[in-house]
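Biologist: I have a structure on screen and want a quick tour. Can you walk me through it?
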Amino acid sequence: MLKLLFIGDIVGRPGRDIVAERLPRLRSEHNLDFIVANAENAAAGAGITGSLAKSILESGVDAITLGDHVWDQRGWENEIGQIEHVCRPANLPASNPGWDHLILEKRGFRLAVFTVLGRTFMGMKAEDPFQCADRMIAQLKGQADAILVEVHAEATSEKQAMGWHLDGRVTAVLGTHTHVPTADACILPKGTAFMCDVGMTGPYASVLGREIQPVIARFLDGMPRRCEVAEGDVRLSGAIVEIAASSANAQKIELLTVRRN
Ligand SMILES: [Fe+2]
Ligand SMILES: [Fe+2]
């Protein structure tokens, strides 16, 4: 049996700090083999930089994934290819820099990881995520023992459809992007672990990680204003998946919430 922790969107310094503080103990307490984290909001809530990616990897994350905020930080497009263990969404145009998947190996077991962006209520130029996932799975055949697919999408319908579409073909289909953990963790009939959103890692006394008042004001008058990363009620949120080494089926999935106190 192998254990995977998939951490939801790391938001700003509060998110980075709780990961750095808690990860070493979480790894040993839960006997985690693989730790994968979405870090699309690591740099002040928008995107990531080379130095932040390195520090997140140094804090114990094995692989970093990204979402629609992938290119928010200027210069990251030149750095992404030089940092191992970081991948960008697989269904972006092929000309985008960066790896479209990663393969991690622990105890002789290979876990492939890739992200697909949803297209419903999403602004990115992305290829059909369903066709992309099919293509990636075919391409990874023989290269990995298990596959984790991150579905970075707004619509729960698109995420659920992806879970059913990939059931039995990958070990887990785990959602990110909406920053709110959902109460639907389950093992689908053919052995794939599924959850619509594993939640964000950052301040929960917020609106999706941002300070509350400017977000309310923006809804009220529609005027643009700075919405800084909030600070209160910082939590690390993710899903722990147990994987049967022989079949690569998921045996168990549960939400992990760690509060900073
Ligand atoms: Fe996010
Ligand atoms: Fe996102």
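**Salt bridges, metal site and pockets**

Modeller: Happy to. Asp-17, Glu-21 and Arg-260 are joined in a network of salt bridges. Keep in mind that this is a predicted model.

Biologist: How many salt bridges are there in total?

Modeller: The count comes to 15 salt bridges.

Biologist: Back to that network. How far apart are the N and O of Arg-260 and Asp-17?

Modeller: Their side chains meet in a salt bridge at 4.0 Å, N to O. The two residues sit in distant parts of the chain, 243 residues apart. Arg-260 is in the segment after strand 12 (250-259), and Asp-17 is in helix 1.

Biologist: Is Arg-260 buried or exposed? And Asp-17?

Modeller: Arg-260 counts as partly exposed because its relative accessibility is 34%. Asp-17 has a relative accessible area of 24%, so Asp-17 is partly exposed too. The cut-offs are under 20% for buried and over 50% for exposed.

Biologist: Which residue does Lys-159 pair with?

Modeller: Lys-159 forms a salt bridge with Asp-197, at 3.4 Å from N to O. Lys-159 belongs to helix 5 (residues 156-166), while Asp-197 is in the loop between strand 9 (193-195) and strand 10 (202-205), so the bridge ties together parts 38 residues apart in sequence.

Biologist: Are those two buried or exposed?

Modeller: Lys-159 is buried, and Asp-197 is buried as well.

Biologist: What about Arg-225?

Modeller: Arg-225 bridges to Asp-221, with the closest N and O atoms 2.8 Å apart. Arg-225 has a relative accessible area of 31%, so Arg-225 is partly exposed. Asp-221 is partly exposed because its value is 41%.

Biologist: Now the metals. What holds the iron ion (ligand 1)?

Modeller: Asp-9 (OD), Glu-40 (OE), Asn-41 (OD1) and His-179 (NE2) coordinate the iron ion (ligand 1), at 2.0 to 2.3 Å. Along the chain, these donors follow the spacing D-x30-E-N-x137-H.

Biologist: What is the geometry of that site?

Modeller: The site is irregular, with angles of 89 to 168 degrees among its 4 donor atoms.

Biologist: How far is the iron ion (ligand 1) from the iron ion (ligand 2)?

Modeller: The two ions are 3.5 Å apart, and Glu-40 coordinates both.

Biologist: Where do Asp-9 and Asn-41 sit along the chain?

Modeller: Asp-9 is in the loop between strand 1 (2-7) and helix 1 (12-29). Asn-41 is in the loop between strand 2 (34-38) and helix 2 (50-58). They link distant parts of the chain, 32 residues apart.

Biologist: Buried or exposed, those two?

Modeller: Asp-9 counts as buried because its relative accessibility is 0%. Asn-41 has 3%, so Asn-41 counts as buried too.

Biologist: Switching to pockets. What volume does the largest pocket have?

Modeller: About 450 Å³. It is lined by 17 residues, and His-69, Val-207, Leu-208, Arg-210 and Arg-218 lie nearest its centre.

Biologist: How does the lining of the largest pocket divide?

Modeller: There are 6 nonpolar, 6 polar and 5 charged residues in the lining of the largest pocket.

Biologist: And the second largest pocket, what is its volume?

Modeller: The second largest pocket has about 190 Å³. Of its 15 lining residues, Ala-144, Asp-145, Ala-146, Ile-147 and Arg-169 are the closest to its centre. Helix 4 (129-140) and strand 6 (146-152) are the elements that each give two or more residues to the lining.

Biologist: What kinds of residues line the second largest pocket?

Modeller: The lining of the second largest pocket has 7 nonpolar, 5 polar and 3 charged residues.

Notes:
Residues numbered from 1 in each chain as written. Chains lettered and ligands numbered in written order. Predicted model: local features only at pLDDT ≥ 70, side-chain atom pairs only at ≥ 80, totals over all residues. Heavy atoms only, no water. Donors = N, O, S within 2.8 Å, 3.2 Å for Na, K, Ca; no water. Tetrahedral: all angles 85-135°; square planar, octahedral: opposite > 155°, others 65-115°. Helix = DSSP H or I, 4+ residues; strand = E, 2+ residues; numbered from the N terminus. Buried < 20%, exposed > 50% of the residue type's maximum accessible area, 1.4 Å probe, protein only. 1 Å grid on protein atoms, 1.4 Å probe; cavity = no way out; pocket = protein on both sides within 12 Å on 5 of 7 lines; lining within 4 Å. Points joined across faces, edges and corners; volume = space filled by probe spheres on them. Nonpolar A, V, L, I, M, F, W, Y, C, P; charged D, E, K, R; others polar.
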